[in-house]
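Reader: Please give me a close look at one part of this structure, going through its packing and pairing step by step. I should be grateful for the cut-off behind each term as it arises.

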Amino acid sequence: MLVLGGTGEARRLAGRLVEQGIAVTSSLAGRVAAPVLPDGAVRVGGFGGVEGLTAELGGVAALVDATHPFAATVTAHAAAAAAATGTPLLRLQRPGWTAGPGDDWRWVGTLEEAAAAVRGYGSVFLTTGRQGLAVFAGLTGRCLVRAVDPPAPPLPARTTVVLARGPFTREEERALMVEHGVEVLVTKDSGGGMTAAKLAAARALGVPVVLVRRPPLPAGVPTVATVGEALAWVRATLSPPAGTPRP
């Protein structure tokens, strides 16, 4: 079976599948120079659109799309290729974040809207990843950018880049924000606990957060929120009860 990965959930699912003797290949986009590799077979690089993924699914018994919540293009391609080949498809996507008492969250629909929302701030913390930073290039305030690999230009003129791989603790996030005098945090609604510490730090410091909403999922694709649910789906799909047709 094939797992479209790159997330912590994808790695954990691959590990569980290998433990249970289920052959799995994880596909990584290749955007990170030194990714954390999952157990099992791994392929790196794109498929070449819907046609390429459709060809890849020729010998695949089941497909799990466990890519990042904002990997909308890959998710759309997975849905189209699975429909074209009749391959059982599951979307594994962790729940988004929910604001709590003391949070000052400002929701926007796109990175462009996020850039407009923080224009005029003196110090902006950008944690949206390397992709799409060009939309913030016109900001005139100080910008702190954190990424695993160096981001490509264009960047805001007054940018400080911190190269680091999480997860980070709330204390680490708070110290970083204080050091750079952060006035507003920009992030995507990635969900999960690995990157949530920055939200807790922002709450403690009274720093507002501009959150980019997730793109919608393709219609009709079954979706689960946990690795355990995905594992159960894989087992049921690969070994359905006697007399039960495969989906």
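Author: Helix H3 (residues 72–85) lies across strand S1 (2–4), strand S4 (63–65) and strand S5, and runs at about 160 degrees to S5. Helix H7 (residues 227–238) also packs on the sheet, where it touches S4, S5 and S12, and its direction makes about 170 degrees with that of S5. Contact here means heavy atoms within 4.5 Å. Axes are lines fitted to C-alpha atoms, for helices over the stretch in contact, and angles run from 0 to 180 degrees between N-to-C directions. Helices (H or I, at least four residues) and strands (E, at least two) are DSSP runs numbered from the N terminus.

The model is predicted, so local features need pLDDT of at least 70 and side-chain atom pairs count only at pLDDT 80 or more, while totals for chains, interfaces and linings use all residues. Residues are numbered from 1 along each chain as its sequence is written, and side-chain values use heavy atoms, with hydrogens and water left out.

The sheet beneath these helices is open and has six strands in the order S3-S2-S1-S4-S5-S12, with parallel pairing. Strand S3 (41–44) and strand S12 (223–224) stand at its edges with a single partner strand each, so one side of each lacks a neighbour in the sheet. Two strands count as paired if DSSP finds at least two bridges between them. Strand S5 (residues 89–92) meets S12 in the parallel sense over two bridges, and Leu92 has Val224 of S12 as its bridge partner.

Next come strands S7 to S11. Strand S7 (residues 123–127) is joined to S8 by four bridges, in parallel, with Val124 opposite Cys143 of S8. Cys143 also stands opposite Thr159 in S9, and S8 pairs in parallel with strand S9 (residues 159–163) over five bridges. Five of the six residues of strand S8 (residues 142–147) are buried, so the rest of the structure largely encloses this strand. Buried means under 20% relative accessible area, exposed means over 50%, and partly exposed lies in between (1.4 Å probe, protein chains only).

S7 is also joined to S10 by four parallel bridges, and Phe125 has Leu185 of S10 as its bridge partner. In strand S10 (residues 184–188), five of its five residues are buried: Val184, Val186 and Lys188 cover one side, Leu185 and Thr187 the other. S10 and S11 pair in parallel over four bridges, with Val186 opposite Val210 of S11. From S10 the chain passes through helix H6 (residues 197–205) to S11 in a right-handed β-α-β crossover; right-handed means that, with the strands pointing away from the viewer, the path from the first strand over the helix to the second runs clockwise.

Val212 lies in strand S11 (residues 209–212) and is buried at 4% relative accessible area. Its C-alpha atom is 5.9 Å from that of Thr110, 102 residues away along the chain. Beyond neighbours within four places in sequence, the contacts of Val212 include Phe70, Trp107, Leu111 and Asp189. Trp107 is partly exposed, at 34% relative accessibility.
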